[in-house]
Structure formats: C-alpha cells, structure tokens
Amino acid sequence: GNVGIGTPGPTELLDIDHDAIRLRQSQTPASATATGTQGQICWDSNYVYVCVATNTWKRSALSTW
C-alpha cells in the first residue's frame with residue numbers, strides 16, 4: 001500500500017507532505033555507466049545524479065546563487 005509522511009491519506013507509493021526531503025549521505029557514481037537502478041538519486045558537492053535506466057546515470061551541476 002501507499003505510505004504517507006505528514007499525510008493521513010497518501011495518494012502515491014510514497015507521499016511526503018512537506019517542503020523538503022533529506023538524503024544525509026553523499027554518493028558519487030564512478031561513471032555514467034556505474035551500477036545503478038532506474039530512479040536512484042544521489043549527490044555530492046558538485047552534482048546531483050539520477051539513474052535514468054539500468055546502469056545509466058545523468059548528472060546536473062550545482063552552483064551557488
């Protein structure tokens with residue numbers, strides 16, 4: 001069933017009713033073809049990484065504003 005955090009009636013598998021989520025530990029994939037499962041998200045001090053297909057990572061650079 002669906003899991004709700006901050007909501008008694010979740011409408012998705014994981015439904016978070018808040019304005020932020022937190023991933024406490026950083027992780028850097030070794031390469032764009034490193035082992036990964038579609039949907040994984042991780043980060044380091046320079047990029048946010050998303051696994052878009054099995055063993056297929058894309059990244060987006062982080063910058064200050």
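The following exercises, each with a worked solution, concern a predicted model.

**Exercise 1. The nonpolar core**

Task: Determine which residues make up the largest nonpolar core, and decide whether Cys51 is buried or exposed.

Solution.
Step 1. The largest nonpolar core has five residues in all: Ala34, Cys42, Tyr49, Cys51 and Trp57.
Step 2. Cys51 is found in strand E4, a strand that covers residues 47-53.
Step 3. A residue counts as buried when its relative accessible area is under 20%. Cys51 has a relative accessibility of 2%, and therefore it is buried.
Step 4. In general, nonpolar side chains in soluble globular proteins tend to be buried together.

**Exercise 2. The surroundings of Cys51 and Ala34**

Task: State which residues Cys51 and Ala34 touch, leaving aside those up to four places away in sequence.

Solution.
Step 1. With such neighbours left aside, Cys51 is in contact with Gly36, Thr37, Gln38, Gly39, Gln40, Thr56 and Trp57.
Step 2. With the same exclusion, Ala34 touches Pro29, Asn55, Thr56 and Trp57.
Step 3. Trp57 is thus a contact of Cys51 and also a contact of Ala34; Trp57 itself belongs to the largest nonpolar core.

**Exercise 3. An unusual backbone angle**

Task: Describe the phi angle of Asn55 and the place of this residue in the chain.

Solution.
Step 1. Most residues other than glycine have a negative phi.
Step 2. Asn55 is not a glycine, and yet its phi is positive, at about 55°.
Step 3. Asn55 is located in the loop between strand E4 (47-53) and strand E5 (56-61).
Step 4. The limits for partly exposed residues are 20% and 50%. Asn55 has a relative accessible area of 32%, so it is partly exposed.

**Exercise 4. A nonpolar patch on the surface**

Task: Identify which residues form the nonpolar patch on the surface, and which element gives the most to it.

Solution.
Step 1. The patch is formed by Leu23, Ile41, Val48, Val50, Val52 and Leu62. Together they have about 460 Å² of accessible area.
Step 2. E4 gives the most to this patch, with three residues.
Step 3. Val48, one of the residues of the patch, lies in strand E4. Its relative accessibility is 30%, so Val48 counts as partly exposed.

**Exercise 5. Three residues of one loop**

Task: Classify Gln25, Gln27 and Thr37 as buried, partly exposed or exposed.

Solution.
Step 1. Gln25 is found in the loop between E2 and strand E3 (41-43); Gln27 and Thr37 also lie between E2 and E3.
Step 2. Exposed means over 50% relative accessible area. Gln25, at 68%, is therefore exposed, and Thr37, at 53%, is exposed as well.
Step 3. Gln27 has a relative accessible area of 41%, and so it is partly exposed.
Step 4. Residues up to four places away in sequence not counted, Gln27 touches Cys42, Trp43, Asp44 and Tyr49.

**Exercise 6. Distance in sequence and in space**

Task: State how many Å separate the C-alpha atoms of Gln27 and Cys42, and those of Thr37 and Pro8.

Solution.
Step 1. Gln27 and Cys42 are 15 residues apart along the chain, and their C-alpha atoms are separated by 5.7 Å.
Step 2. Thr37 and Pro8 are 29 residues apart in sequence, with 30 Å between their C-alpha atoms.

**Exercise 7. The place and contacts of Thr7**

Task: Describe where Thr7 lies and what its side chain reaches.

Solution.
Step 1. Thr7 is in the loop between strand E1 (3-5) and strand E2 (14-16).
Step 2. The side chain of Thr7 reaches the backbone nitrogen of Gly9 at 3.4 Å.
Step 3. Not counting residues up to four places away in sequence, Thr7 touches Asp15 and Asp17.

Conventions. Residues numbered from 1 in each chain as written. Predicted model: local features only at pLDDT ≥ 70, side-chain atom pairs only at ≥ 80, totals over all residues. Heavy atoms only, no water. Helix = DSSP H or I, 4+ residues; strand = E, 2+ residues; numbered from the N terminus. Polar contact = N/O pair within 3.5 Å; in protein donor to acceptor, adjacent residues only side chain to side chain. Contact = heavy atoms within 4.5 Å. Core = buried A, V, L, I, M, F, W, Y, C linked by side-chain atoms within 4.5 Å. Buried < 20%, exposed > 50% of the residue type's maximum accessible area, 1.4 Å probe, protein only. Patch = residues over 30% accessible without salt bridge, like charges linked within 9 Å, V, L, I, M, F, W, Y side chains within 5 Å. Areas by Shrake-Rupley, 256 points an atom, 1.4 Å probe, with all protein chains shown as cover. Salt bridge = Lys/Arg side-chain N within 4 Å of Asp/Glu carboxyl O.
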